[in-house]
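Okay, can everyone see my screen? Let me put the sequence and the model up, and then I'll talk you through what caught my eye.

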Amino acid sequence: MRVPFNRVEARSAARSARATLALLSTSVGVEGLAAAAARPGLLALVDQHAAAVRESLDGDRRSLSAAALAGYAEGIRAAALEHGWEPAAAPVDWSEPDWLLTRLLAVCALARSLGTPAPGPLPSV
């Protein structure tokens with residue numbers, strides 16, 4: 001059976017987006033969302049960032065997708081790296097996370113609301 005090229009490309013892109021979100025979930029989301037559940041102030045901050053991400057991706061007019069969230073996360077991470085940001089080597093102090101980590105955590109929360117991804121054995125962000 002032959003699969004049209006555009007369907008293979010779409011499946012590959014979807015798989016790549018899910019892998020990106022799984023990596024983000026593993027490196028930031030699992031621990032960060034647990035911390036937010038225990039800290040109402042952090043949860044409110046994540047909710048504010050999630051609303052901003054949704055607005056940025058035009059989420060009020062069209063459904064969010066794993067591809068849109070993954071692209072957004074990769075974009076802000078790449079921009080941060082360009083400006084000298086470095087990922088934390090030690091566990092994150094979720095009592096005062098920086099803007100970028102809070103934004104990435106918001107992406108994780110939105111991805112979780114889509115039902116993706118399940119954390120897997122991927123390298124850290």
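So, salt bridges: how many does the structure hold? There is 1. Keep in mind that this is a predicted model. The pair is Arg61 and Asp58, whose side chains meet at 2.9 Å, N to O. As a reminder, side chains of opposite charge can pair when their charged atoms come close. Are the two partners buried or exposed? Arg61 counts as exposed because its relative accessibility is 71%. Asp58 has a relative accessible area of 26%, so it is partly exposed.

Let me zoom out for a second. The protein chain has 4 helices and 0 strands, so if you read along the sequence you just get α-α-α-α. There are 125 residues in the chain, and buried ones make up 35% of them. The chain exposes about 7,700 Å², with carbon and sulfur atoms supplying 55% of that. For the contact-map people: take contacts with a separation of 6 or more, and 78% of them join residues 24 or more positions apart.

Now the core. The largest nonpolar core has 32 residues, and the ones touching the most other members are Leu21, Leu24, Val53, Leu69, Trp94, Leu105 and Val107. Which elements give two or more residues to this core? Those are helix H1 (5-38), helix H2 (40-56), H3 and helix H4 (99-114). H4 gives the most, with 9 residues.

Pick Val53 out of that list. Not counting residues up to four places away in sequence, Val53 touches Leu69, Tyr72, Arg103, Val107 and Leu110.

Next, H3 itself, residues 66-82. This helix has 17 residues and reaches 24 Å from its first C-alpha to its last, close to the 24 Å expected at 1.5 Å a residue. Which of its residues are buried? In H3 they are Ala66, Leu69, Ala70, Tyr72, Ala73, Ile76 and Ala80. They sit on the same side of H3, because they cover an arc of only 160 degrees around the axis. The general background is that an α-helix has 3.6 residues a turn, so residues three or four places apart point the same way. After H3 comes Gly84, and its phi is positive, near 95 degrees.

One of those H3 residues, Ala70, brings me to Ala22, which is in helix H1. Ala22 is buried, with a relative accessible area of 7%. Ala22 and Ala70 are 48 residues apart along the chain, and 9.6 Å separates their C-alpha atoms.

Last stop, helix H2, and I've got two residues to show you. Leu42 is found in this helix, and Leu42 is buried, at 6% relative accessible area. What is Leu42 in contact with, leaving aside its neighbours within four places in sequence? The list is Gly32, Ala35, Ala36, Trp94 and Pro97. There's a C-alpha distance to go with that: Leu42 and Ser95 are 53 residues apart along the chain, and their C-alpha atoms are separated by 7.5 Å.

The other one is His49, also placed in helix H2. At 8% relative accessibility, His49 counts as buried. With neighbours within four places in sequence left aside, His49 is in contact with Trp99, Thr102, Arg103 and Ala106. You've met Arg103 already, as one of the residues Val53 touches.

Okay, that's my tour. Shout if you want me to rotate anything.

Methods:
Residues numbered from 1 in each chain as written. Predicted model: local features only at pLDDT ≥ 70, side-chain atom pairs only at ≥ 80, totals over all residues. Heavy atoms only, no water. Expected span 1.5 Å × (residues − 1). Buried < 20%, exposed > 50% of the residue type's maximum accessible area, 1.4 Å probe, protein only. Arc of directions from axis to C-beta. Core = buried A, V, L, I, M, F, W, Y, C linked by side-chain atoms within 4.5 Å. Contact = heavy atoms within 4.5 Å. Salt bridge = Lys/Arg side-chain N within 4 Å of Asp/Glu carboxyl O. Areas by Shrake-Rupley, 256 points an atom, 1.4 Å probe, with all protein chains shown as cover.
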